[in-house]
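Me: I've got a model open and I'd like to learn how to read it feature by feature. Can you walk me through a few?

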Amino acid sequence: MKHTLLLMTICAIASCSEPTPTGNPFFTEWTTPFGVPPFEDLRPEHFRPAFEEGMRQHRAEIDAITANPEPPTFDNVIAAYDRAGELYGRVARVFGALTSAETNAELEEIKAAMSPLQSQHSDAIGLDPALFAKVKAVYDNRATLNAAQQRLTERVYRRFERSGALLSETDKERMRAINEELSSLGVKFESNNREAMNAFRLVVDPRDATGLPSGVVARARTRAEEEKQGDKLVFTLSKPSWIPFLTYSESEPLRRQLYEGYLGQSAEGSQFDNAQVINDMIRLRTDRAHLMGFDSYADFVLDERMAKTPARVYEFLDDIWAPALAKATEERDEMVALKRTETADSTATINSWDWWYYAEKIRKSRYNLDEEQVRPYFALDNVRSGIFKLCNRLYGITFRPIVAPVYHKDVQVYEVLDIDNTHLGVMYMDFFPRAGKGSGAWCGTYRSQGYTPDGTRIAPITNIVCNFTEPTGTTPALLTLDETETFFHEFGHALHNLFADVPYQGLHGTERDFVELPSQIMENWAFAPAMLAEYAIHHRSGEPIPERIVQRINESSMFNQGFMTTELLAASLSDMDIHSQKEYTPFSVADFEKYALTTRRGLIPEIEPRYRYPYFSHIFDGGYSAGYYSYIWAEVLDKDAYEAFVESGDLFSRAVATDFRHKVLAPRGLRDGMDLYRDFRGAEPSREPLFRARGLLPADPAADSLLALVSRDPNTPREPLPDSVLRQILNEGPLVE
Ligand SMILES: [Zn+2]
């Protein structure tokens, strides 16, 4: 679902002085508004030569650093390294944005061809002994540098260390081979996913559409028309399509067919099978961790996260798992009871494909809240202007639509003005699903904030890409509550990009388990009554959302939280387990998941993890490997940070927001995430607001041991999966050829 694509490519302002082929926009200055990418002039054939030239220039800039006869200094090594590769970074960002949001066969072919070359290129730099010797010389004398310079020097040094700069020649060779193979496997994983998703369609006769609201039917009919399916209805594996179907369709066999299609994407033995790709990735990631002196890939990854160790992640996830599963089981029992009453069958049970359907029935009866009746108050344009108003109240910034080149006609572009009306940056928004766009929602950058050598600010260009419910011929796009929340979420990432104020490109990166704080904190405002009054206006009548609906939305916020927490934790745990293996043994991905979640942790069969391995793109091609826990980890931070607004007595407090902007958002990677956080809140976050928000605290906390869980010292270690057990289980699974 939600994730952010942060291209950590090195990029700064430098101009291209080489003679280059004409007609390729990458080789000319961009005269577009604010220097945005000239999307309308870009053709697939421009990318390969641009990549090649970008890599060549980058290599030449690195060679100039190593060939410099002057003694190594911060400026001639670290700052020069930070500035190098401007063209390459620019090409990679634009290419990455297009291949995720508007791809085609030609671009995919280029991607598959470029991916190993890019991996070789980055290894050639990361494993260059002459360059590393210079970096180390500056690093060893870093005490004389200012704080930002020291921070950058340490990060660059560490990056080299983690790329294998300290390895023997033989091991470096092995590292190069591993990286190259991993890079191609990532491309393969993603392409299998996309093909599997596109290959599946549930085509339904309108007579079998009982229970489906008219909006859901209208969208499915539009899709059928686009796909030349006559008067049928077409449902796909994209969320805006399958979730409403599972929520409302009265046909259990059809719900089952669609959900099994979703769960079976790229499964073992299917046409676009990812099982071998996953096996190869885990084998290579484990090898890489061993080369680097770590027990497992999770140990290697977490070494530079806030959490630091797998034990600490497990301790955190396990703390929430028991109360979440208990709550989900209660929710399940309630649904079973409802079904038994309805069917007058005292032995009736429910299945995983029934969860949304019965949850919606209970929600409707308990809160009298019907999502389809709520949607008209969440027209996309109204939600967007609500977010604009929120940003204006909090930070004083404003958004102005501009005409700029786009890669698809649906894309909208805004100039963002700072509180003093100066230019802050540019923001792209791309809302609807279509062929060629990956699933989920994310935020990226076309250009990161920076400074030219003469100190001029380079304004960021950021973009959010979503897969929201589309408009139909007669109705504008009406968002679900979940989509509304996602919009706020991605907007938070965009603000993090827009407010960035760091002196060096290498200081943009924040810890992966910190990066969801800026996004998730925005979700807290989405349904606050004062906020709904601002933006939730009926798209036809113009009436504000009735008080009773606001009340029901808020009363129902705890509803189904057991399920939502459990499916999120299940995915987080299955990610940690698969990356915590100390030795690789071929395994069946389905059996591994079953052991990790059902056998070992007692996941109930009515709940599936949010993602199964074969389409868990966050962890196989999205940068969240051993990191999916970050969402719930960051929720501790965001819920606690939001308390600062609550405590101030004003949810829109400009003073608190300004503090948050300058202490948490602007500094990005200038300091460790927890240091930034402590600076803002004066203390480390408490887990209590998270437990409260998810309804996992008992009514009388004193009467329950949960409070002890909440206040437990987070440093208490808890053992991850014992390796001996794991190996035994792995050996039991059928071998993958
Ligand atoms: Zn996110």
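Me: Let's start with the hairpin of E4 and E5: which residue there takes a positive phi?

Reply: This is a predicted model, so keep that in mind throughout. In a hairpin, look at the residues between the strands. Here there are five of them, and Asn421 has a positive phi near 70 degrees.

Me: And in what sense do E4 and E5 pair, parallel or antiparallel?

Reply: To read a pairing, follow the bridges and the strand directions. Strand E4 (residues 412-417) pairs with E5 in the antiparallel sense, with six bridges between them. For a marker, find Leu417, which sits opposite His423 in E5.

Me: Which strand joins E5 through five bridges?

Reply: That's strand E9 (residues 461-465), and E5 and E9 run parallel. Pick out Met427 and you'll find Thr462 as its bridge partner in E9.

Me: Is E5 mostly covered or mostly open?

Reply: The general idea first: in a regular strand, side chains alternate between the two faces of the sheet. Now the case at hand: strand E5 (residues 423-430) is mostly covered, with seven of its eight residues buried.

Me: Now the nonpolar cores. How many residues does the largest one have, and which have the most contacts inside it?

Reply: With a core, start from its best-connected members. The largest nonpolar core here has 190 residues, and Val91, Val135, Leu317 and Leu569 have the most contacts inside it. Helix H13 (residues 310-343) provides the largest share, ten residues.

Me: Why does this core lie between domain 1 and domain 2?

Reply: Check who contributes. Domain 1 (310-323 + 562-724) and domain 2 (375-558) both give residues to the core, so it lies between them.

Me: What does Val135 touch, leaving out residues up to four places away in sequence?

Reply: Setting those sequence neighbours aside, Val135 touches Val77, Ile78, Val156, Tyr157 and Phe160.

Me: Back to the two domains, then. How far apart are their C-alpha centres?

Reply: The C-alpha centres of domain 1 and domain 2 are 24 Å apart. For a contact like this, look at what each side puts in: 24 residues come from domain 1 and 28 residues from domain 2.

Me: Which helices each supply at least two residues of the domain 1 side?

Reply: Helix H24 (630-648) and helix H25 (654-665) each do so. H24 gives the most to that side, with nine residues.

Me: And how does that side of domain 1 break down by class?

Reply: The side of domain 1 that touches domain 2 has 14 nonpolar, five polar and five charged residues.

Definitions and conventions. Residues numbered from 1 in each chain as written. Predicted model: local features only at pLDDT ≥ 70, side-chain atom pairs only at ≥ 80, totals over all residues. Core = buried A, V, L, I, M, F, W, Y, C linked by C-beta atoms within 7 Å. Buried ≥ 20, exposed ≤ 12 C-beta atoms within 10 Å, placed from the backbone. Helix = DSSP H or I, 4+ residues; strand = E, 2+ residues; numbered from the N terminus. Domains from an automatic or database assignment. Contact = placed C-beta atoms within 7 Å. Pairing = 2+ DSSP bridges. Nonpolar A, V, L, I, M, F, W, Y, C, P; charged D, E, K, R; others polar.
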